[in-house]
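Student: Got a minute to go through this structure with me? I'd like to start with one side chain and work outwards.
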Amino acid sequence: ILKARDNPGLASDHAFQHWKDTKQWSEFRTQHYDWFMFPWKASLGDSRAALVYSIAEGDALDLLYTPGFVDRYVQSAEALFDAHRAGANPVKADDVHPARASKVQCSMRHFRNVAKVCGDEF
């Protein structure tokens, strides 16, 4: 997850910041970033790809304690909100796969729940 987020060749943290800075809002709709920008724990019945890219609770906890991860995760979410405010609707536009909204929401819910169980505020 962390290597993918740092890879300038992928839709990564670097790309998110660049799209935001240059107001390339449509990139948030057309690029495929869900799996590594918003990692989450897949469930039985999810797609094969979801299961392959899924993280476990221990992985989520490790990521929460990884220096800089929480700040970068929040910045990524803020970039999506900025794209939405600009009219790009990056998770629910007609040309975006319907699973994207679910993945982003599940990721945020998963990390929130792991943090709650640990009693830490990140």
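Student: Which side chain does the side chain of Ser107 make a polar contact with?

Tutor: That's Tyr73, with the two side chains in polar contact at 2.5 Å. Keep in mind that this is a predicted model.

Student: Okay. Where is Ser107, and is Ser107 buried or exposed?

Tutor: Ser107 sits in helix H8. Its relative accessible area is 0%, so it counts as buried.

Student: What else does Ser107 touch, leaving out residues up to four places away in sequence?

Tutor: Besides Tyr73, Ser107 touches Phe38, Pro39 and Trp40.

Student: Switching to the core. How many residues are in the largest nonpolar core?

Tutor: There are 30. Those with the most contacts inside this core are Phe16, Phe28, Tyr33, Phe38, Leu80 and Phe111.

Student: And which elements give two or more residues to this core?

Tutor: Helix H2 (13-21), H4, helix H6 (57-65), helix H7 (69-85) and helix H8 (99-118). H7 gives the most, with seven residues.

Student: Why would nonpolar residues gather like that?

Tutor: As a general tendency, nonpolar side chains in soluble globular proteins are buried together.

Student: You listed Phe111 there. What is Phe111 in contact with, aside from its neighbours within four places in sequence?

Tutor: Phe111 is in contact with Pro39, Ile55, Ala60, Leu63, Leu64, Phe69 and Tyr73. So Tyr73 comes up for Phe111 as well as for Ser107, and Pro39 is also on the list for Phe111 and for Ser107.

Student: Which residues in H6 are buried?

Tutor: Ala60, Leu63 and Leu64 are buried in H6. They lie on the same side of H6, because they cover an arc of only 100 degrees around the axis.

Student: What about Phe36, buried or exposed?

Tutor: Buried: the relative accessibility of Phe36 is 12%, and the cut-off for buried is under 20%. Phe36 is in helix H4 (residues 34-37).

Student: How far apart are Phe36 and Leu63?

Tutor: In sequence, Phe36 and Leu63 are 27 residues apart, and in space they are 12 Å apart, C-alpha to C-alpha.

Student: Last one, Ala49. Where is Ala49?

Tutor: Ala49 is in helix H5 (residues 48-53). With a relative accessible area of 33%, Ala49 is partly exposed.

Student: And how far is Ala49 from His32?

Tutor: Ala49 and His32 are 13 Å apart from C-alpha to C-alpha, with their places 17 residues apart in sequence numbering.

Notes
Residues are numbered from 1 along each chain as its sequence is written. This is a predicted model: local features need pLDDT of at least 70, side-chain atom pairs count only at pLDDT 80 or more; totals for chains, interfaces and linings use all residues. Side-chain values use heavy atoms; hydrogens and water are left out. Helices (H or I, at least four residues) and strands (E, at least two) are DSSP runs, numbered from the N terminus. Buried means under 20% relative accessible area, exposed over 50%, partly exposed in between (1.4 Å probe, protein chains only). A nonpolar core is a set of buried Ala, Val, Leu, Ile, Met, Phe, Trp, Tyr and Cys residues joined through side-chain atoms within 4.5 Å. Contact means heavy atoms within 4.5 Å. A polar contact is a pair of N or O atoms within 3.5 Å; within protein, one must be able to donate a hydrogen and the other to accept it, and residues adjacent in sequence count only if both atoms are side-chain atoms. The arc is that of the directions from the helix axis to the C-beta atoms.
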